Amino acid sequence: MKTALRAAATSIWIILLVALTLRLGFMWEYRQIHPKQAVSVIPFLFESGNIAHSLATGKGFSSPFRVDTGPTAWMTPAYPLLLAGIFRLFGAYTFGAWAAAVLLNILCCTLACVPIFYAGKRIGGVGLGASSAWLWAIFPNAILIPVESMWDASISALLVATILWATIALAESERMRDWYAYGLLWAVALMVNATLAALLPLLLGWLAYRAHRANRPWARRAAAAVVIVMLCCIPWTIRNYRAFHHFVPLRSVLGLQLWLGNNDQTQDIFRGDLHPIYNATERASYIAIGEIAYMQEKRQEAVQYMLTHPTREGHLIGNRFISIWSGGTPNPMTDFLGTPSPWFRFILAFNLLVAVGALFGVVILFRSQNVVWFPVAVFPIVYPWAYYLTLALPRYRLPIDPVVLLLTAVALRQMIYGRKQAVAQSTAPKRRQRV
């Protein structure tokens, strides 16, 4: 019986089944609460959905604000193209389109169990792999966000989990084709989520270092991976240059994001009042001077504010740090005690425990001199900085949450087995001392 239970607990197929069932169950419940007309339209009335609608209606990659504003490089093209394909198949702003988009998100979040399972297995055995996948399967954010948010976070989570597994596996590979595949994987990831670009040089540098330490050729292989990434990104960069006559390698929106999080009207909790999609004045300015000039203007204003208000800036960065790791609030303790909702308290507590667990997981891997501590640690340490400096929304952390939960599993395993060892040592019979 013990062997059977252990086999079931470490079965990736059972984990996938549970993960899929939880997400489909929440999708069904969400649909019962919200009318068909609402879910058919409201989730798509944001930049990704508006660009997808423009693509589906033959107007090109443009118009992120529900009005015709011309070409845009607001985000990289992969996710809007997927949504546009769904609109073409099921109709724009229909219940079928919403269901298809949500099922795509759910599928990606469910499949993320697989690479995180095998990454954990490579790091610490099948028990760690299964624990990581189970945590991801039941993680509230990974159940709610795929249904509630029509953005690229769910696909990004699958890609990040795959990148971690591929990085660990590639460190032991001798085959050139694996480096080609790694470059292609990164190209797809950047076309989905440009923020991941901050991690590419760090992970590729670690791979080169590991190959160098093992006396394996690395320069040509790393260069090949970089060339593949660049070749896959160049068509999008060329399109942006032809549309704007400016060099925009991935996306243009950083200036606005920086300004929204850093100006004299910025609040501790982001309200969106100044965003051009809601604010008519800002939208008119965006249309009048064009996307690139608008983004440059906002970036200059934001940098000026950050340099001249260091105390306020420190406060805002601290709030965003807490918001990212608490699941969306800069006041987690106040909100935990003040809310009457047990479900909200559960989500908040889960996020806080995961944040602490990830920190201890990094420390444990580092102190144990595990060879993969660096590529695992860079995800929670480096990736969120883009949001500490700009805006902090719950979906922004989801791409790295598979890795965060793997680190939490590392901490839980250490806590459980460390305690067992301590108990075993304390209860062991002690030798008589000779007089």
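**Salt bridges and aromatic contacts in the predicted model**

Seven salt bridges were counted in this structure, which is a predicted model. Side chains of opposite charge can pair when their charged atoms come close. One such pair is formed by Arg-122 and Glu-172, whose side chains meet with an N to O distance of 3.1 Å. This salt bridge links distant parts of the chain: Arg-122 belongs to helix α7 (residues 113–124), while Glu-172 lies in the loop between α10 (153–170) and α11 (176–192), 50 residues apart. Arg-122 is partly exposed, at 42% relative accessibility, and Glu-172 is exposed, at 59%.

A second pair brings two helices into view. Lys-298 and Glu-282 form a salt bridge in which the closest N and O atoms are 3.1 Å apart. Lys-298 is in helix α16 (residues 291–308) and Glu-282 in helix α15 (residues 280–289), with their positions 16 residues apart in the chain. Both Lys-298 and Glu-282 are buried.

Helix α17 offers a further example. This helix covers residues 310–326, 17 residues in total, and reaches 24 Å from its first C-alpha to its last, close to the expected 24 Å. Among its buried residues are Leu-316, Asn-319 and Trp-325. Arg-320 forms a salt bridge with Glu-313, the closest N and O atoms being 3.5 Å apart. Arg-320 counts as buried because its relative accessibility is 7%, and Glu-313 is likewise buried, at 5%. Elsewhere, salt bridges that share partners join Glu-282, Lys-298 and Glu-301 into one network. After α17 comes Gly-327, with a positive phi near 100°.

Attention now turns to the aromatic rings. The model holds 22 aromatic pairs. In one of them, Phe-117 and Tyr-118 meet edge-to-face, with 5.0 Å between the ring centres and 80° between the planes. Phe-117 is buried, with a relative accessible area of 4%, whereas Tyr-118 is partly exposed at 34%. Phe-321 and Tyr-388 form a tilted pair, 5.2 Å centre to centre and with planes at 50°. This pair links distant parts of the chain, since Phe-321 is in helix α17 and Tyr-388 is in helix α21 (residues 385–388), 67 residues apart. Phe-321 is partly exposed at 42% relative accessibility, while Tyr-388 is buried at 4%.

Aromatic residues also gather in a group: Trp-136, Phe-139, Trp-343, Phe-346 and Phe-350 form one cluster. Finally, charges and rings come together in two places described here. The charged end of Lys-36 sits over the ring of Phe-95, 4.8 Å from its centre, and Arg-395 lies over the face of Trp-151, at 4.1 Å from the ring centre.

Methods
Residues numbered from 1 in each chain as written. Predicted model: local features only at pLDDT ≥ 70, side-chain atom pairs only at ≥ 80, totals over all residues. Heavy atoms only, no water. Helix = DSSP H or I, 4+ residues; strand = E, 2+ residues; numbered from the N terminus. Expected span 1.5 Å × (residues − 1). Buried < 20%, exposed > 50% of the residue type's maximum accessible area, 1.4 Å probe, protein only. Phe/Tyr/Trp six-rings, centres within 6.5 Å; stacked < 30°, edge-to-face > 60°. Lys NZ or Arg CZ within 6 Å of the ring centre and 35° of its normal. Salt bridge = Lys/Arg side-chain N within 4 Å of Asp/Glu carboxyl O.
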